[in-house]
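I opened this entry to look up how the strands and helices of the chain are put together. My notes follow in the order in which I went through them.

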Amino acid sequence: MLTLRKRKEICKNMAEETNNQPKPAGEPQPNTRPASSNGAQANQTSGGGQGRRQGNGQNQNGQRRNNNAGGNGRSNNRGGNGNGQRKERGGMGRPPRMRMPKGPQTFVHGSFNGSGNGNSSAPAAPKAAVQLRGVSKTDAGKLKIIPLGGLNQIGKNIMALEYEDDIIIMDMGFTFPGEDQPGIDLVIPDVTYLEERKHKIRGILITHAHEDHVGGIPFILPKIPAPIYAAQFTIKFIERKLEEYKLPFKPELHIVDPDKHDKIQLGVFNVEFLRITHSIPDACSLVIRNPVGTILNTGDWRFEENPVDGKASDKQRLKEVGDEGVMMLMCDSTSCEKTGRSPSEAEIVDTIDEILVRNYNKRVVIAAFASQITRMQIIIDAVAKSKRKLVVVGRSMLNNLELAVKLGYVKIPAGLIIKARDMSKYQDGQIVVVSTGSQGETFSALQRMGTGDHRDVKLKQNDVVILSASIIPGNEKSVWGMVDNLYRWGAYVYQPSTADFDGLGTMHTSGHASIDEIKEMIQLTRPKYYLPIHGEMHHMFHNAAIAKTEGIADENIFVIEDGQTLIADEKGIKEGPKVTSGSVLIDGAGIGDVQEIVLKDRLAMSSDGVFMAIATIDKKTGRLKVSPDIISRGFIYMKDNTELVHKSRQIVQTIFDKRDISTPANSLIIKTRVRDELANYLFKVTKRNPIVLPVVIEV
Ligand SMILES: [Zn+2]
Ligand SMILES: [Zn+2]
């Protein structure tokens, strides 16, 4: 915990900062603050400790996991219906239009959310000194830790920290829908809690550019506009992503350089980005200093002794932060059930080299995650070494590679890449194709090669395919189905699960820390409290067990789910109240939130089909003009079920014939009666529950 002296220092710094700021007005002042002047006012290093530096990182998300949306009994999808999303956008035309400063960053805390709110940039003074507006006595001097996504599932990570009048947010991801969510494109976290306090939000910190950490931004940012801070690659990735979504305002994005130990003051929070290894460039851990005590959020990480890009995790800085005192470590749980340490990327280099040598005269297709930029460099180096040419297929692969090359994260020797259509000018042994589809994704390049539908790459006898990724649980069926298809063309497939059979070494490393790395992290940082994050329940329990073996007191380790807050004050940390959390389902490119009822309909349609009864009635008399039409899709084959169709017609006919004249034929009452009676009858006869649609046409 911070000493009183340090807290006073923080407050003093912030008071100075506040004085320098433009006077808060009643409305946000989006355009009034030239980027350059910010720097001058900014308070770069207040809060305990001067910063210092960091290493780099990697992973493989984009994972297809079932997120349990309905399963936890949490609020699933907040009464959304299409305007949930739109409503917010409308209301949001107001703030943003901020310039996007580039380069080294010093920042004014508070930013645009804050300045609109009058008091929001007020320093969080020592709790006794000033009673802040809007802060109840019970909240004064307390730090609230609010997980809203990523705890009890791998995906849609988002965690907020709240201290009196300030909130910061760490990560903003999405997850892919489960099989119980047909037609849903994405699942994002429910951020009702944050929407209700959006005037307090000082900034959004992103650890790295994987979708389970950035994917929610286009949908959530409009609801809670706030400046985003991240390292360079992450910011560029977000920038490009947001361009695609065409937000009605210009997001405020700030690049932070972890190697220069940039620090950002956001309200009472002093934030330092610290370089860590993962499977994507510029992954960072976050050091959050605040009046109660330092929080360290690892982000997705592992330790790698020989990182391909030469940027190692900044263990030195981790140790310094540990020396300074860490109140709580929030640690990635994804691979905590694996013993030892995660394999080095260097071992993968050897394996790919080995396969290329063994198949020196054959064409090789390598499938990898488009987001695993580090792996891309390994593949590029191997291709260059084997004197082959490289063909890149798959849109996300091309996009990511282009961005990484532009920013200098991936180096490609001149002339190495050739166009797919020029492949025929080379012999098989001179070609490597790198492609998407390592998880058997439906429209991926490799999947299409398997079905023979890929425009540029037609597989043939003696081709070789390498899946440079392990199968993410849940994807087994699609991956093996695709692999079988690849074999049908006469290709040979190398993949991690059959590496022993092929006498090969490591083919893939996950990007997340195994047990011994987690132990080392705890030893370096020596936290008093421990919070497993980024995992399903079993991951988090095992991660907690590791912390216990490292001597962290049982009562200081929390295994909690989204929505369960923790409250930290000078007495320590304990569980606080539960807050709204859950999932919002996105259908189509952000068209709107989808209601539960829509999902139920889709599920019913996909399992039991649709049964439609069309009654054409006379406008004047309300009597049926012809016998009702029956249409069924995905339910029964009508020609084989004439009895059922006939009886259904009779049911409808009877309802209209016996209708009380005072009830209009086209009323909801009649339609409901048709639906209920038909549904009952159909269930009695078939034991199935199709969606029954009564349609009344007046002529
Ligand atoms: Zn990741
Ligand atoms: Zn992740």
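I count two strands as paired if DSSP finds at least two bridges between them. With that settled, I looked at strand β17 (residues 464-467). β17 and strand β18 (residues 492-494) are paired in the parallel sense, over 3 bridges. The model I am reading is a predicted one.

**Entry 1: around β17**

I checked which residues face each other across this pair, and found Val465 opposite Val493 in β18. I then looked for a second parallel partner of β17. Strand β14 (residues 364-367) pairs with β17 in the parallel sense, over 4 bridges. There, Ala367 has Leu467 of β17 as its bridge partner.

Next I asked which way the side chains of β17 point. Val464 and Ile466 point one way, Val465 and Leu467 the other, and all are buried.

I followed the chain on from β17. Helix α14 (residues 476-488) lies between β17 and β18 in a β-α-β unit, and the unit is right-handed. In the loop between β17 and α14 I noted Asn475. Is Asn475 buried or partly exposed? A residue needs 20 or more other C-beta atoms within 10 Å to be buried. Asn475 has 19 C-beta neighbours inside 10 Å, so it counts as partly exposed. I also looked up its distance to Gly440: the two are 35 residues apart in sequence, and their C-alpha atoms are 7.4 Å apart in space.

**Entry 2: β13 and its sheet**

I went on to strand β13 (residues 328-332). How many of its residues are buried? The count is 5 of the 5, so β13 is largely enclosed by the rest of the structure. Met328, Met330 and Asp332 point one way from the strand, while Leu329 and Cys331 point the other way. I note that Asp332 is buried along with the others.

I looked up the partners of β13. Strand β12 (residues 295-297) pairs with β13 in the parallel sense, over 3 bridges, and Leu296 stands opposite Leu329. Strand β19 (residues 529-533) runs parallel to β13 and is joined to it by 5 bridges. In this pair, the bridge partner of Met328 is Tyr529. The connection from β12 to β13 goes through helix α9 (residues 315-324), and the three make a right-handed β-α-β unit.

I then wrote down the sheet as a whole. It is open, has 6 strands in the order β9-β10-β11-β12-β13-β19, and its pairing is mixed. Its edge strands are β9 (263-266) and β19, each of which pairs on one side only. Neighbouring strands are turned by 20° against each other on average, direction ignored. For an antiparallel pair in this sheet I took β9 and strand β10 (residues 269-275), which have 4 bridges. Ile264 has Val271 in β10 as its bridge partner.

**Entry 3: the sheet of 8 strands**

I looked up another open sheet, of 8 strands, with the order β8-β7-β6-β4-β3-β2-β20-β21 and mixed pairing. Which strands are at its edges? They are β8 (253-255) and β21 (572-578), each pairing on one side only. The average turn between neighbouring strands of this sheet is 25°, direction ignored. Helix α8 (residues 232-245) packs on the sheet and touches β7 (228-230) and β8. The direction of α8 makes about 155° with that of β8.

Within the sheet I checked strand β3 (residues 158-163) against strand β4 (residues 166-170): they run antiparallel and are joined by 5 bridges. Ala160 stands opposite Ile169 in β4.

**Entry 4: a helix pair**

I turned to helix α10 (residues 345-358) and helix α11 (residues 373-385). Their axes come within 10 Å and cross at roughly 40°, and the crossing is right-handed. I listed the residues that meet: on α10 they include Ile348, Val349 and Ile352, and on α11 they include Ile378, Ile379 and Ala382. The residues of this contact divide into 7 nonpolar, 1 polar and 3 charged.

**Entry 5: totals for the chain**

I closed with the overall counts. The protein chain has 19 helices and 26 strands. Of its 699 residues, 49% are buried. Among contacts between residues at least 6 apart in sequence, 78% join residues at least 24 apart.

Methods:
Residues are numbered from 1 along each chain as its sequence is written. Chains are lettered from A and ligands numbered from 1 in the order in which they are written. This is a predicted model: local features need pLDDT of at least 70, side-chain atom pairs count only at pLDDT 80 or more; totals for chains, interfaces and linings use all residues. Helices (H or I, at least four residues) and strands (E, at least two) are DSSP runs, numbered from the N terminus. Axes are lines fitted to C-alpha atoms, for helices over the stretch in contact, and angles run from 0 to 180 degrees between N-to-C directions. Two residues are in contact if their C-beta atoms, placed from the backbone, lie within 7 Å. A crossing is left-handed if the near helix is turned anticlockwise from the far one by less than a right angle, and right-handed if clockwise. Ala, Val, Leu, Ile, Met, Phe, Trp, Tyr, Cys and Pro count as nonpolar, Asp, Glu, Lys and Arg as charged, and the others, Gly among them, as polar. A residue is buried if 20 or more other C-beta atoms lie within 10 Å of its own, exposed if 12 or fewer, and partly exposed in between; C-beta atoms are placed from the backbone. A crossover is right-handed if, with the strands pointing away from the viewer, the path from the first strand over the helix to the second runs clockwise.
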